[in-house]
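What can be read from the overall fold of this protein chain, from one of its helices and from one of its strand residues? The report below takes these topics in turn.

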Amino acid sequence: MNKFSMPSHMNRRTFLQVSAAGVVTASSLGSAGRALADPYPKFTWISPRGTLEVLDDYPYWIGKKMGYFDDLDVEIAMEPGPSDGTATVKFVDVGQADMGFPSPGVFSFAIENGMNLKSAFHMGAKDTFSLAFRKGEGTNDLKTLEGKKILLGSAAWQSIVDPMLAVQGVDVSKVTYVEAGWPTWATALKAGQGDAALSWEGLRAEWIGTGLEFEYWLGVQHSPLFANTFVVRASDLEDPDRKAFLDKYLRAWAMSLEFGYLNPRAAVEAVFEQFPTLASNIGPELGVTSILQQIAVFRGDMDQRAGWGDHNMAAWQTFFDEIHKLGQISSPVRAEDVCTNECVAAANDFDHDKVKADADGYELTDEFAAIDVDAVKARLYDQAVPG
């Protein structure tokens, strides 16, 4: 088992040619950044995980159902992308998608490799990431992971775990990462092929639904860091027509996040209607558990924020300073240069009373109406490592 590292030594153009395996080519670089009459011929959001059949993207599915994305005047698409953890930034960089959803670590990888992307809407105010352990083997002292093996679904996820461990005082040079593959890294942990595995809120509930019972060190409880963000090409924010579109598009997401916060059961129903197999795999109660975990991350300390999508620049600066010390980025990064709140006011400028009325008036199926949300919230962190 070898410890792997990010390919930061590679020439950026070579990197794009090689790592996208023919999907992103040198010739496509020349056609990126096109200027057309419409802000976008089609606007494509790309996931960071290689699948859409998860509850993580619930705001989009409930927003679509409620018609919040209907007045954009541009065709929109959601794409799963390949399971390569860095695809969500590569594809945006070369114009094969328009918005990615990377973790902060993968976003830093994009910056390090010269991709001119900018975080425009910070989805995850709290740290969604966690470490799963076989029951009875968990710890809240992550320094004990020195000398141990951590299983990942993608090699790119090292950029997530390194800073998560470093801020807890772990010498990451003493940790071995093992790429166990998507979606098999959790079963590899169960089989004893490593000591811990990266996980995140929402997925934690989905794993229970598939019979994977672990205990967790939870970033949402212990980490000063945060979760994934929506990134776009920086040039799009400088184009007035594209900026206006992004404001409207992100407003639809903000409305959908608000709806999900007010009626999480309805948001789960919307996802299950889209993905019946996911529904049959985890069922309504675990679905609601999953979405409540994610709402806690997305909403975070909302009373300290300017609304959905707001970046805490001080926290982002702490992150960039920490990964610079780790050598994850070779040069210092100013948070204000790569993160912006210029879309946040427009995104949150919606009719809150209407969204509340929509959420209150949504008619749940009997199956979902029977779920006691407060009881689920009371058990939300039952899988946390004791103490």
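What follows moves from the whole chain to a domain annotation, then to one helix and one residue.

The model shown is a predicted one, and its protein chain comprises 19 helices and 10 strands. With a radius of gyration of 20 Å, close to the 21 Å that the globule rule gives for 387 residues, the chain is as compact as a globular protein of that length. Contacts between residues 24 or more positions apart make up 83% of the contacts in the chain with a separation of 6 or more. The table collects further values for the chain as a whole.

| Property of the protein chain | Value |
|---|---|
| Box filled by the C-alpha atoms, along the principal axes | roughly 55 × 55 × 40 Å |
| Share of the 387 residues that count as buried | 58% |
| Exposed area | about 15200 Å² |
| Part of the exposed area supplied by carbon and sulfur atoms | 47% |

According to an unreviewed UniProt entry, residues 59–265 are listed as "domain: SsuA/THI5-like". Over these residues the chain is 39% helix and 19% strand, and the C-alpha atoms at the two ends of the stretch are 12 Å apart.

Helix α17, which spans residues 352–361, has Val355, Asp358 and Ala359 as its buried residues. These cover an arc of only 95 degrees around the axis, which puts them on the same side of α17. The spacing fits a general property of such helices: an α-helix has 3.6 residues a turn, so residues three or four places apart point the same way. The cover over the buried residues of α17 includes α3 (58–66) and α11 (240–262), whereas the face turned away from the buried side carries the exposed residues Asp353, Asp360 and Gly361. At the N-terminal end, α17 is capped by Asp351, a side-chain oxygen of which lies 3.1 Å from the backbone nitrogen of Asp353.

Tyr216 belongs to strand β9, which runs over residues 214–218. Is Tyr216 buried or exposed? Its relative accessible area is 1%, and Tyr216 is therefore buried, since the cut-off for that term is under 20%. Leaving aside residues up to four places away in sequence, Tyr216 touches Ser130, Leu131, Ala132, Ser199, Arg204, Trp207, Gln383, Ala384 and Val385. Asn140 is 76 residues away from Tyr216 along the chain, yet the C-alpha atoms of these two residues are separated by 8.6 Å.

Definitions and conventions: Residues numbered from 1 in each chain as written. Predicted model: local features only at pLDDT ≥ 70, side-chain atom pairs only at ≥ 80, totals over all residues. Heavy atoms only, no water. Buried < 20%, exposed > 50% of the residue type's maximum accessible area, 1.4 Å probe, protein only. Helix = DSSP H or I, 4+ residues; strand = E, 2+ residues; numbered from the N terminus. Arc of directions from axis to C-beta. Contact = heavy atoms within 4.5 Å. Polar contact = N/O pair within 3.5 Å; in protein donor to acceptor, adjacent residues only side chain to side chain. Rg over C-alpha atoms; globule rule 2.2 N^0.38 Å. Areas by Shrake-Rupley, 256 points an atom, 1.4 Å probe, with all protein chains shown as cover. UniProt positions renumbered as here; feature names shortened; annotations may be inferred.
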